[in-house]
Amino acid sequence: MGRNDPNRASWKRYAPLILAAIVILVPLAVPSRYILRTLVNIFFFAALGCAWNIIGGYAGQLSLGHAAFLAMGAYPTALLLLNLNIPPWLGFIPGVVLASIVAYLLGHLVFRLRGPYLALSTLAFAEILRILLLHFRNQTSGSLGVTIPFKGTSVWKLQFASEQPYYYICLGLLGFCLYVTHRIHNSKMGYYLQAIKENQDAAENLGINLSGNKVKALMMSAALTAMMGGFYVAYFYYIDPDSVAGMDLSIKILLVAIIGGVGTVWGPVVGACILVSLTEISNYLFGGGRAGASLVIYAIILMIVVLFSPRGLIALLPGGLRSYRSE
Amino acid sequence: MVTAPNESLDEGLLELRKVTKAFGGLTAVDDVSFSVRKGEILGLIGPNGAGKSTIVGLVMGVLKPNSGDIIFAGETLVNLKPHQVVQRGICRTFQVEKPLLNMTVTGNVLIGALLRTRDREEALEQTKGIIERVRLGHVGHVLAKNITVQDRKRLELARALATRPNLLLLDEVMAGLTPLEIDQSLDLLRKLRDEGLTLLIIEHVMRAIMNISDRIVVLDYGKKIAEGGPRDIAHDPAVVEAYLGKKGTRNG
């Protein structure tokens with residue numbers, strides 16, 4: 001029945017367009033600054049989840065240190081803006097280049113490792129970076145963090161008094177991340193990454209360059225993450241080592257992807273919707289005094305997802321399973 | 001296809017020259033030399049632990065020999081990584097099957113076919129042909145984790161064929177098949193050989209290997225103890241001894 005049902009077919013065809021229209025029109029229709037901020041947060045984490053997904057989801061190489069790449073994008077952006085007055089939309093580029101180079105070097109080191117060692121070494125890598133950021137106080141202001149002063153709306157410096165411009169910028173960045181993962185999903189590289197995830201010996205025997213593909217995936221993932229680090233600076237006006245290079249952030253990034261649906265294009269979007277809204281709800285219910293409550297909620301959701309829908313929540317949506325490569 | 005630079009006819013397609021591989025104190029392959037000629041089916045037999053699978057590992061670049069050289073189509077393989085060996089035109093099957101579990105049978109084979117083409121449609125076309133040939137058509141859309149062990153064996157062969165090798169190393173692809181299925185496999189392997197593929201077959205099913213091999217190399221404790229046609233091998237005293245034990249050793 002279902003598949004050839006014309007109503008369903010037209011519903012399917014128009015649903016994405018309607019959704020896109022709603023997403024684009026929301027800032028014009030919704031005056032609430034709070035709701036827009038929450039949506040920007042959702043886009044932001046969805047984009048990070050997407051970026052993580054390339055190496056962690058498609059290639060199945062668990063990275064527990066992705067915050068390091070965010071910091072590599074954020075710190076250069078912030079310091080260039082503060083010291084040299086270079087606007088974030090230019091200032092994020094050195095960070096992206098830096099993150100790609102570091103990913104290249106790190107990849108050649110860590111992809112000799114398999115299993116928990118890879119996860120542990122990425123975790124250690126992020127911690128080392130965080131401690132370095134704290135240590136080089138003269139350059140990074142250490143634990144005080146870098147504060148960007150707001151000097152009135154300026155398109156050049158990406159500083160806006162209203163929320164709407166950030167909304168569209170972040171939406172655009174998320175769109176870019178989705179486009180990149182979509183391209184990978186349908187490419188030879190996408191197949192190769194999945195083969196690597198399934199069985200490295202078999203993949204190698206199919207002529208797949210294991211370390212080459214993994215390093216490439218990590219570089220793309222790191223570059224996108226660093227790009228979002230640039231946005232972080234423009235949006236939050238403040239960074240410090242704990243918030244941009246801390247383990248909490250690394251974990252949150254991978255939770256977005258895992259809860260939403262590992263190795264799918266849209267999974268991280270679903271994951272970000274759930275995680276960010278729940279964080280907001282828990283902050284509302286428990287107040288700032290019990291900020292840790294959201295962590296408990298993450299843990300509970302993670303357990304539920306792993307037990308009942310290990311492919312992520314996207315698998316529960318109609319048509320969600322089709323986003324997994326199955327041919 | 002892969003180019004094979006200036007092979008002379010008397011040289012083998014694959015040549016092992018005094019290859020030795022030791023794991024700690026155990027010499028798994030001991031000074032072994034033999035060659036696989038272009039277009040032949042070479043059987044590699046020997047009791048358990050004779051070093052057969054080690055040789056496959058050495059050829060594929062998964063293991064590095066302690067000494068000796070392995071030449072394929074005039075080029076040494078010793079410094080290549082496994083994926084480079086596959087790109088040169090050699091592929092293996094695994095004795096313990098290694099399917100990509102969460103992908104369909106078609107997906108498994110498609111990934112192999114993508115090695116030689118970027119065009120997904122072309123790869124899919126080749127994939128379908130190979131799947132039919134190895135009799136996996138009935139499970140094309142089934143996830144590899146849900147197929148039977150026999151079908152997994154066929155999938156190993158299908159995936160290897162998809163990389164379009166010039167030389168195929170088959171590590172016990174007939175174990176666990178019924179006599180009818182073995183005959184079907186032998187037919188297929190002969191056809192592949194007639195189409196120009198060279199095969200190195202490791203097999204415990206003696207009837208199969210004696211039946212299909214043009215020549216046979218026998219290993220025992222890492223050493224080559226015999227080489228020749230199936231008929232000669234079957235009557236070679238050293239081979240009989242390796243398989244059945246020495247006559248009269250009990251009485252000294």
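**Figure 1. A buried leucine in a loop of chain A.** Leu158(A) sits in the loop that links β1 (146-147) to α7 (164-185) of chain A. This is a predicted model, so keep that in mind for every view below. What is unusual about the backbone at Leu158(A)? Its phi is positive, about 55°, even though Leu158(A) is not a glycine. For background, most residues other than glycine have a negative phi. Leu158(A) counts as buried because it has 20 C-beta neighbours inside 10 Å, and 20 or more is what a residue needs to be called buried.

**Figure 2. A charged residue with a positive phi in chain B.** Here we look at Asp31(B), which belongs to strand β2 (residues 26-36) of chain B. Asp31(B) is a residue other than glycine, and its phi is positive, near 55°. How many other C-beta atoms lie within 10 Å of Asp31(B)? There are 14 of them, so Asp31(B) is partly exposed; that label covers counts in between 12 or fewer (exposed) and 20 or more (buried).

**Figure 3. An exposed tyrosine in helix α2 of chain A.** Tyr34(A) is found in helix α2 (residues 33-58) of chain A. Is Tyr34(A) buried or exposed? With 10 other C-beta atoms within 10 Å, Tyr34(A) is exposed. This view also takes in Ile148(A), which is 114 residues apart from Tyr34(A) along the chain. Go from one C-alpha atom to the other and you cover 22 Å.

**Figure 4. The nonpolar core and Met228(A).** The largest nonpolar core is made of 164 residues. Which residues have the most contacts inside this core? They are Ala47(A), Ala71(A) and Met228(A). Helix α10 (residues 210-236) of chain A is the biggest giver here, adding 16 residues to the core. Now zoom in on Met228(A) and skip its neighbours within four places in sequence: Met228(A) is in contact with Phe44(A), Ala47(A), Leu48(A), Ala51(A), Leu70(A), Gly73(A) and Leu173(A).

**Figure 5. Chain A as a backdrop.** Pull back a little and chain A shows 14 helices and two strands. Its C-alpha trace spans about 60 × 50 × 40 Å along the principal axes. A compact globule with 327 residues would have a radius of gyration near 20 Å, and chain A agrees, with 20 Å. Of those 327 residues, 45% count as buried. Take the contacts in chain A with a separation of 6 or more: 74% of them are between residues 24 or more positions apart.

**Figure 6. Where chain A touches chain B.** At this meeting place, 17 residues of chain A are in contact with 22 residues of chain B. On the chain A side, α8 (188-198) and α9 (200-205) each supply at least two residues. Which helix gives the largest share of that side? That would be α8(A), with five residues. Sorted by class, the chain A side has six nonpolar, six polar and five charged residues.

**Figure 7. Two helices crossing in chain B.** Two packed helices are described by the angle between their axes and the distance between the axes. In chain B, the axes of helix α4 (residues 120-133) and helix α5 (residues 149-162) come within 10 Å and cross at roughly 145°. The crossing of α4(B) past α5(B) is right-handed. From α4(B), the contact uses Gln126(B), Thr127(B), Ile130(B) and Ile131(B), while α5(B) brings Ala158(B), Leu161(B) and Ala162(B). Five residues of this contact are nonpolar, two are polar and none is charged.

**Figure 8. An enclosed helix in chain B.** Helix α1 (residues 52-60) of chain B is largely enclosed by the rest of the structure, because eight of its nine residues are buried. The buried ones are Lys52(B), Thr54(B), Ile55(B), Val56(B), Gly57(B), Leu58(B), Val59(B) and Met60(B). Just after α1(B) comes Gly61(B), with a positive phi of about 85°.

**Figure 9. Chain B as a backdrop.** Chain B has nine helices and 10 strands. The radius of gyration of chain B is 18 Å, close to the 18 Å from the globule rule for 252 residues, so chain B is as compact as a globular protein of that length. Along the principal axes, its C-alpha atoms fill a box of roughly 65 × 40 × 35 Å. Of the 252 residues of chain B, 44% count as buried.

Conventions
Residues numbered from 1 in each chain as written. Chains lettered and ligands numbered in written order. Predicted model: local features only at pLDDT ≥ 70, side-chain atom pairs only at ≥ 80, totals over all residues. Helix = DSSP H or I, 4+ residues; strand = E, 2+ residues; numbered from the N terminus. Rg over C-alpha atoms; globule rule 2.2 N^0.38 Å. Contact = placed C-beta atoms within 7 Å. Core = buried A, V, L, I, M, F, W, Y, C linked by C-beta atoms within 7 Å. Nonpolar A, V, L, I, M, F, W, Y, C, P; charged D, E, K, R; others polar. Axes fitted to C-alpha atoms, helices over the stretch in contact; angles between N-to-C directions. Left-handed = near helix turned anticlockwise from the far one by under 90°.
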